[in-house]
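Here are some notes for a colleague who wishes to look at the charged side chains before setting up any calculation. Please read the points with the coordinates open.

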Amino acid sequence: MAFSSDRRSLIPSYLYSSSFTSKPLNLHKMTSPSTSAAASAPSGGFMIQAPKEPGKIEMYSSQFYAACTVGGILSCGLTHMAVTPLDLVKCNMQIDPSKYKSISSGFGVLLKEQGARGFFRGWVPTLLGYSAQGACKFGFYEFFKKYYSDLAGPENAARYKTLIYLAGSASAELIADVALCPMEAVKVRVQTQPGFARGLSDGLPKFVRSEGALGLYKGLVPLWGRQIPYTMMKFASFETIVEMIYKHAIPTPKNECSKPLQLGVSFGGGYIAGVLCAVVSHPADNLVSFLNNAKGATVGDAVKKMGLLGLFTRGLPLRIVMIGTLTGAQWGIYDAFKVFVGLPTTGGAAPAVEPVKA
């Protein structure tokens, strides 16, 4: 890969293999050709060598971040909507454990009281909220990962890559939760208070009339407490697990593996990461459900009613199953979309760090 004499890429090359090959989506009309990467680089900035094959999306271009944003929408919005029945039972087990005593009995209670249609109560705010969250989560993660790598320099970026994954994912989730919070508040109220509303169209205005527009953000801080550790674990552990799989379990270099195998690695790494995510973020998940269900409730009220042990364990087995499957599917969908548009899958084995020559 050629670089201009006075500029070098500061993103670790292993994050995205330049030798990855796939059938790209024909986007050459959407991207303007560049005769010289060095000529197009801003003065005093850092240059990323971009692929020059016709139809390929240039790495770290606006089209690249747009593709990652769309991939995030698909991966988070569709998967969260698909597990709405599990989420519904989980939320009710957290709010009313005496009635929803287990996973199986929870489904039985819902079926008896609300019918089969009740299993997807709240699916619209779930779809919209987590689509918005996914757009910000994955799009900004890719942005901040490169940005922090540029700041660190190539040697430090490779040496402290896990810290970059953690910082990039935390920064992205801080923004993503602002987009998610209003829909999450309506979703929990609709799912845990039968008769409150049929869905988003009547639930959102009723919620605002009851608690005001700012009430939609009442659960933002607990949501940050749940989602930021969750996302830090989700991205950092995924990147680490995938790197270990390619380094120790698969003898073939990543760029020589078939696309189905790479996507299988993405799903497997995502599932393991999801289990870790569920354990780390579960106490805050219980707090979010409690606060959004009860008008005027505080964190102290939640701790008093549920107890510290309850915060860590109530609904945890179901959430492990749900989040493990969810996270594996999210990484599979996200990387499948990246492959579809001609981008490499996320993660891979890192080469030895070589100092940059002056």
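With which residue does Glu243 form a salt bridge, and how far apart are the closest N and O atoms?

1. The partner is Lys247, and the closest N and O atoms of this salt bridge with Glu243 are 3.4 Å apart; please keep in mind that the model is a predicted one. Because Glu243 and Lys247 are four residues apart in helix H9, about one helical turn separates them. The two ends of the pair are described separately: Glu243, at 9% relative accessibility, counts as buried, whereas Lys247, at 44%, counts as partly exposed.

2. Helix H9, which covers residues 220-249, also holds Arg226, and this arginine forms a salt bridge with Glu184 in which the closest N and O atoms are 3.3 Å apart. Since Glu184 belongs to helix H7, the pair ties together parts that are 42 residues apart in sequence. Both residues, Arg226 as well as Glu184, are buried.

3. A further salt bridge joins Lys187 to Asp87, with 2.6 Å between the closest N and O atoms. Lys187 lies in helix H7 (residues 161-192) and Asp87 in helix H3 (residues 84-95), so this pair ties together parts that are 100 residues apart in sequence. Lys187 counts as buried because its relative accessibility is 1%, and Asp87, with a relative accessible area of 10%, is buried too; the cut-off behind both statements is under 20%.

4. The pairs Arg226 with Glu184 and Lys187 with Asp87 should be read together, since a network of salt bridges links Asp87, Lys90, Glu184, Lys187, Arg226, Asp285 and Arg319. For context, a search of the whole structure finds 17 salt bridges, among them the one between Glu243 and Lys247 discussed at the start.

5. Which residue has a side chain joined to that of Lys145 by a polar contact? It is Glu239, and the contact between the two side chains is 3.1 Å. Lys145 itself lies in helix H5, which spans residues 123-152, and it counts as buried because its relative accessibility is 1%.

Notes. Residues numbered from 1 in each chain as written. Predicted model: local features only at pLDDT ≥ 70, side-chain atom pairs only at ≥ 80, totals over all residues. Heavy atoms only, no water. Helix = DSSP H or I, 4+ residues; strand = E, 2+ residues; numbered from the N terminus. Buried < 20%, exposed > 50% of the residue type's maximum accessible area, 1.4 Å probe, protein only. Polar contact = N/O pair within 3.5 Å; in protein donor to acceptor, adjacent residues only side chain to side chain. Salt bridge = Lys/Arg side-chain N within 4 Å of Asp/Glu carboxyl O.
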